[in-house]
Amino acid sequence: MMTAPNSAERKTCWDARDHLWKCLDDNDDNVASCQRFQSEFEAKCPAQWVKYFTKRRDFLKYKEKMQTEGFTPAEGPQGAS
């Protein structure tokens with residue numbers, strides 16, 4: 001049975017997610033270094049959300065990577081900002 005989390009539960013989940021993501025950022029995405037936060041995150045968020053946020057993070061990381069190293073800026077005046 002999947003009931004929608006109330007606002008307090010949502011906040012708890014989001015806080016756990018933020019702590020995990022910060023840990024992963026600080027540790028070059030080394031999950032082993034963040035096992036404690038990972039467990040908290042999984043314990044405090046509905047499984048559906050864990051899946052969603054994990055996918056979302058991968059997507060954001062990928063997008064960020066594409067923006068920083070994925071393309072070369074155009075030469076010429078339009079490339080200057």
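Which cysteine forms a disulfide with cysteine 23? It's cysteine 34, and the two sulfur atoms are 2.1 Å apart. Let me start there and work outwards. One thing to keep in mind as we go: this is a predicted model.

So, the fold. The protein chain has 3 helices and 0 strands. Reading along the sequence, you get the pattern α-α-α. The chain has 81 residues, and 20% of them count as buried. If you take the contacts between residues at least 6 apart in sequence, 61% of those join residues at least 24 apart.

Okay, back to the disulfides. Searching the whole structure turns up 2 disulfides. In the pair I opened with, cysteine 23 sits in helix 1, while cysteine 34 is in the loop between helix 1 and helix 2. Those two cysteines are 11 residues apart, and they link distant parts of the chain. Both cysteine 23 and cysteine 34 are buried. And the handedness? The link of cysteine 23 and cysteine 34 is left-handed, with -90° about the S-S bond.

Now the other disulfide, which joins cysteine 13 to cysteine 45, with an S to S distance of 2.0 Å. This pair also links distant parts of the chain: cysteine 13 belongs to helix 1, and cysteine 45 to the loop between helix 2, residues 35-44, and helix 3. Here the separation along the chain is 32 residues. Cysteine 13 and cysteine 45 are buried too. The link of cysteine 13 and cysteine 45 is right-handed, at 110° about the S-S bond. If you count the bonded cysteines along the chain, the pattern comes out as 1-4, 2-3.

Next up, the core. As a general point, nonpolar side chains in soluble globular proteins tend to be buried together. In this model, the largest nonpolar core has 11 residues. Its members include the four cysteines we just went through, Cys13, Cys23, Cys34 and Cys45. The others are Ala16, Leu20, Trp21, Leu24, Phe41, Val50 and Phe53. Helix 1, which runs 7-26, and helix 3, which runs 47-70, each supply at least two residues of this core. Which helix gives the most to the core? That's helix 1, with 6 residues.

I'd like to stop at tryptophan 21 for a second. Leaving out residues up to four places away in sequence, tryptophan 21 touches Phe53, Arg56, Arg57 and Leu60. Of those partners, Phe53 is listed with tryptophan 21 in the largest nonpolar core.

Tryptophan 21 also takes us to the pocket. The largest pocket holds about 200 Å³ of space. Its lining is Leu20, Trp21, Leu24, Asp29, Val31, Gln38, Phe41, Phe53, Thr54, Arg57, Asp58 and Lys61. What's the mix of classes in that lining? There are 6 nonpolar, 2 polar and 4 charged residues. Helix 1, helix 2 and helix 3 each put at least two residues into the lining. Helix 3 gives the most, with 5 residues. Compare that with the core, where helix 1 gives the most.

Now for some backbone oddities. Most residues other than glycine have a negative phi. Aspartate 28 isn't a glycine, yet its phi is positive, about 50°. Aspartate 28 is in the loop between helix 1 and helix 2. Is aspartate 28 buried or exposed? Its relative accessibility is 73%, so aspartate 28 counts as exposed.

Then look at aspartate 29, which has a positive phi of about 60° and isn't a glycine either. You'll find aspartate 29 in the loop between helix 1 and helix 2. Aspartate 29 has a relative accessible area of 37%, so this one is partly exposed. Remember that Asp29 is one of the residues lining the largest pocket.

One last stop: arginine 36, over in helix 2. With a relative accessible area of 58%, arginine 36 is exposed. And to close the loop with the residue I began with, the C-alpha atoms of arginine 36 and cysteine 23 are separated by 9.9 Å. Along the chain, arginine 36 and cysteine 23 are 13 residues apart. That's my tour, thanks.

Notes. Residues numbered from 1 in each chain as written. Predicted model: local features only at pLDDT ≥ 70, side-chain atom pairs only at ≥ 80, totals over all residues. Heavy atoms only, no water. Core = buried A, V, L, I, M, F, W, Y, C linked by side-chain atoms within 4.5 Å. Buried < 20%, exposed > 50% of the residue type's maximum accessible area, 1.4 Å probe, protein only. Helix = DSSP H or I, 4+ residues; strand = E, 2+ residues; numbered from the N terminus. Contact = heavy atoms within 4.5 Å. Disulfide = S-S within 2.5 Å. 1 Å grid on protein atoms, 1.4 Å probe; cavity = no way out; pocket = protein on both sides within 12 Å on 5 of 7 lines; lining within 4 Å. Points joined across faces, edges and corners; volume = space filled by probe spheres on them. Nonpolar A, V, L, I, M, F, W, Y, C, P; charged D, E, K, R; others polar.
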